[in-house]
Amino acid sequence: MKLDLLSDRQRTHYCGEIRKENAGQTVFLAGWVDVRRDLGNLIFLDLRDHTGHAQIVCNPAVSVEVHDRAEEIRGEYVVGVEGEVVLRAPGTVNSGLATGDVEVMARKLLVLNEAKTPPFPIEDEIKTSEETRLRYRYLDLRRGRMQRNLRLRHRSGQVVRTHMDAHGFQEIETPFLTRSTPEGARDYLVPSRLHHGHFYALPQSPQLFKQLLMIGGFDRYFQIVRCFRDEDLRADRQPEFTQVDVEMAFPQREELFGIIEKLVEKLFALVDVKVTLPFPRMAYDEAMEKYGSDKPHTGFGLEWKRITLAPGDAEKVRVTEPVKALRVPGWGTASRSQLDKLQESAKSLGSDWFSYIKVSAAEAQSPLGKPLGAPAVAALAASVGAEAGDLVLLLGLRSASSPGAFRMLDNASGDLRLDIARKLELLKPGTWNFLWVVDFPMFDYDEKEKRFAAMHHPFTSPREEDLEKLESDPGAVKARAYDLVLNGSEIGGGSIRIHRQDVQRQVFKMLGLSNEQARERFGFFLEALEYGTPPHGGIALGLDRIVALMAGEASIREVIAFPKTASAIDMMCEAPAGVDPEQLDDLGLSIKRI
């Protein structure tokens with residue numbers, strides 16, 4: 001096919017812009033042919049660009065040349081159309097299309113490029129595998145759904161910058177090539193060509209740099225920044241991701257919360273969601289007890305309660321106290337097979353003791369009836385407010401040798417709660433349940449390593465009233481850390497930081513770092529703390545997750561232009577890939593086969 005030249009023609013309107021008000025005007029549109037319909041005497045083209053669709057009429061009575069050219073066109077050809085906007089005839093108006101009142105009577109048709117038949121249809125809802133979509137991502141991006149998602153992401157970035165600027169924050173870029181300072185996940189390492197055997201690391205976050213900016217006197221910093229973590233992936237994880245990074249000097253937690261809440265309110269206004277402020281606050285301990293999660297979904301009931309059995313009853317049923325109990329209203333009709341599946345789930349999640357009580361008007365039925373007796377079972381049901389028709393689930397451990405075992409029990413209860421909510425269809429779309437989780441433990445005991453690890457990161461400040469417990473009772477120390485949660489997803493996390501060198505060294509010591517190790521990894525930062533560091537704190541918001549939730553997407557890959565697969569592979573570019581031996585020689589590297 002002979003292709004035409006655009007020459008000096010300039011688009012006058014976008015496809016999705018023409019309206020009844022444009023009737024009688026001559027326009028020049030350009031885009032992709034979405035659908036071609038040949039009715040013999042008339043050929044209709046649905047022309048698409050990023051704003052929408054316009055119907056083009058190729059009528060031989062207007063131009064035989066245009067009609068002949070249209071016969072050669074196929075889907076996804078790139079064309080330019082000059083013609084007059086006319087009102088559609090009565091009965092042919094498409095009320096489902098913004099441009100459905102009008103069409104363009106083509107006088108000139110330019111074929112600017114041909115196209116192969118795409119491997120999947122360019123439409124919102126397709127059944128094509130994600131691997132195929134990512135292999136041809138440039139085609140996937142033409143779909144209206146992806147166009148809307150990425151425009152929403154763009155507008156979100158604009159809102160962030162405007163809001164943070166209005167509150168006195170300055171956007172400052174921090175380095176991508178830095179040194180490895182492990183923060184809980186594996187670093188992506190970059191070998192140095194000029195210094196063989198030495199490596200840069202891509203930042204997991206700008207954590208130390210934003211703290212250094214506070215030491216540098218910038219007072220309020222933010223950045224929409226790309227971060228990198230070499231870790232196993234899930235639907236809400238990518239090896240490279242984007243966060244809204246925020247730090248401020250001399251902060252009060254509630255002041256920071258207010259700034260972030262107002263930002264979230266403005267972001268969700270982009271999708272016509274009215275956010276109720278302020279967001280509720282919940283202590284970590286309460287979240288774990290009631291919901292079995294430090295990022296609980298509070299949009300439905302089902303709250304666990306820790307209960308203690310009557311004296312001697314725990315030994316009779318061979319369970320370690322406390323036991324967790326959950327009232328499920330109206331589910332007393334659960335079948336034996338449903339309960340067996342719940343028991344299997346509980347066991348796989350880490351709870352090796354499971355029981356239940358079915359409450360009826362006559363009596364409470366339970367496997368515990370025989371060892372404990374009917375009055376004891378009735379008392380257990382009453383302790384969680386169960387009524388006739390309800391089901392009470394009980395989780396526990398047969399033995400618990402450490403506090404970590406009860407953490408496992410809490411986690412199991414949280415996963416089981418969500419499983420039940422899905423079964424009962426309690427997770428309603430269109431509801432937005434924000435929550436600040438505060439007062440996290442400072443340390444988490446690592447059973448394998450037999451030592452304490454930082455629950456957030458090692459630069460998080462302990463509560464001032466807990467400073468004296470750092471050495472004597474580290475497990476009881478609470479951190480000045482906080483997470484922002486939405487519908488069971490963590491969308492942000494932060495803390496008030498350590499600004500005193502003596503406290504920072506003490507925390508490193510509790511984490512098992514010697515002075516030499518601390519100096520080797522963080523020497524530049526420890527030195528900076530000696531030069532008058534102000535109290536400071538901040539937060540990082542996961543922009544990918546927030547936009548995905550706003551767009552109603554289950555995966556952040558749907559709001560990232562060029563994401564990786566769950567195995568960290570770029571299907572389109574076929575990365576990671578091997579490199580030439582000469583490149584390895586320049587870097588002083590060789591490949592070790594394992």
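Which residue in β22 does D245 stand opposite? In this predicted model, D245 stands opposite A540 in β22, and that pairing belongs to a sheet whose arrangement is set out below.

## Overall architecture

The predicted chain contains 17 helices and 22 strands, and along its principal axes the C-alpha trace spans about 95 × 75 × 55 Å. Of the 594 residues in the chain, 45% are buried, while the accessible surface comes to about 29,600 Å², with 50% of that area belonging to carbon and sulfur atoms.

When contacts between residues at least 6 apart in sequence are considered, 67% of them join residues at least 24 apart.

## The eight-stranded sheet

An open sheet of 8 strands, with mixed pairing, follows the order β6-β9-β10-β22-β21-β20-β17-β11. Its edges are formed by β6 (170-171) and β11 (281-283), and because each of these has a single partner strand, one side of each is left without a neighbour in the sheet.

Strand β22, which covers residues 536-542, stands between β10 and β21 in this order. On one side, β10 (residues 240-249) runs antiparallel to β22 and is joined to it by 7 bridges; within that pairing, D245 stands opposite A540, and E247 stands opposite G538. Strand β21 (residues 489-496) also pairs with β22 in the antiparallel sense, over 5 bridges, and here I496 stands opposite G537. The strand is mostly covered, with 6 of its 7 residues buried.

## Loop residues around the sheet strands

Two strands of the sheet are preceded by loops that hold residues of interest. N433 has its place in the loop between α12 (403-423) and β17 (434-438). With a relative accessible area of 18%, N433 is buried, because the cut-off for that class is under 20%. Leaving aside its neighbours within four places in sequence, N433 is in contact with H297, T298 and G299, and also with V485, L486 and N487.

The loop between α6 (253-269) and β11 is the place of P278, and the peptide bond that joins L277 to P278 is cis, with omega at about -5°. A second cis peptide bond joins A575 and P576, where omega is about 5°; P576 is found in the loop between α16 (543-551) and α17.

## Positive phi values and an exposed glycine

Positive phi values occur at two residues other than glycine that lie in loops. For E76, phi is near 75°, and the residue lies in the loop between α1 (64-70) and β4 (78-87). For L302, phi is near 55°, and the residue is found in the loop between α7 (284-291) and β12 (304-307). Both positions are covered in the model: E76 counts as buried at 5% relative accessibility, and L302 is buried with a relative accessible area of 7%.

Is G330, in the loop between β13 (320-328) and α9 (336-349), buried or exposed? At 52% relative accessibility G330 counts as exposed, since the cut-off for that class is over 50%. Not counting residues up to four places away in sequence, G330 touches G389 and D390. G330 and R11 are 319 residues apart in sequence, and their C-alpha atoms are 62 Å apart in space.

## The second largest pocket

The second largest pocket has a volume of about 410 Å³. Of the 16 residues that line this pocket, the closest to its centre are L189, P191, F199, L589 and I591. The elements that give two or more residues to the lining are β7 (188-191) and α17 (581-587), and the largest share, 4 residues, comes from β7.

By class, the lining of the second largest pocket has 11 nonpolar residues, together with 3 polar and 2 charged residues. Helix α17, one of the elements named for this lining, also marks one end of the loop in which P576 is found.

How values were computed: Residues are numbered from 1 along each chain as its sequence is written. This is a predicted model: local features need pLDDT of at least 70, side-chain atom pairs count only at pLDDT 80 or more; totals for chains, interfaces and linings use all residues. Side-chain values use heavy atoms; hydrogens and water are left out. On a 1 Å grid over the protein atoms alone, a cavity is a set of points where a 1.4 Å probe fits but cannot get out, and a pocket is an open set with protein on both sides within 12 Å along at least five of seven lines; lining residues have an atom within 4 Å of a point. Grid points are joined across faces, edges and corners, and a volume is the space filled by probe spheres set on the points. Ala, Val, Leu, Ile, Met, Phe, Trp, Tyr, Cys and Pro count as nonpolar, Asp, Glu, Lys and Arg as charged, and the others, Gly among them, as polar. Buried means under 20% relative accessible area, exposed over 50%, partly exposed in between (1.4 Å probe, protein chains only). Contact means heavy atoms within 4.5 Å. Accessible areas come from the Shrake-Rupley method with a 1.4 Å probe; for residues, only the protein chains shown count as cover. Two strands pair if DSSP finds at least two bridges between them.
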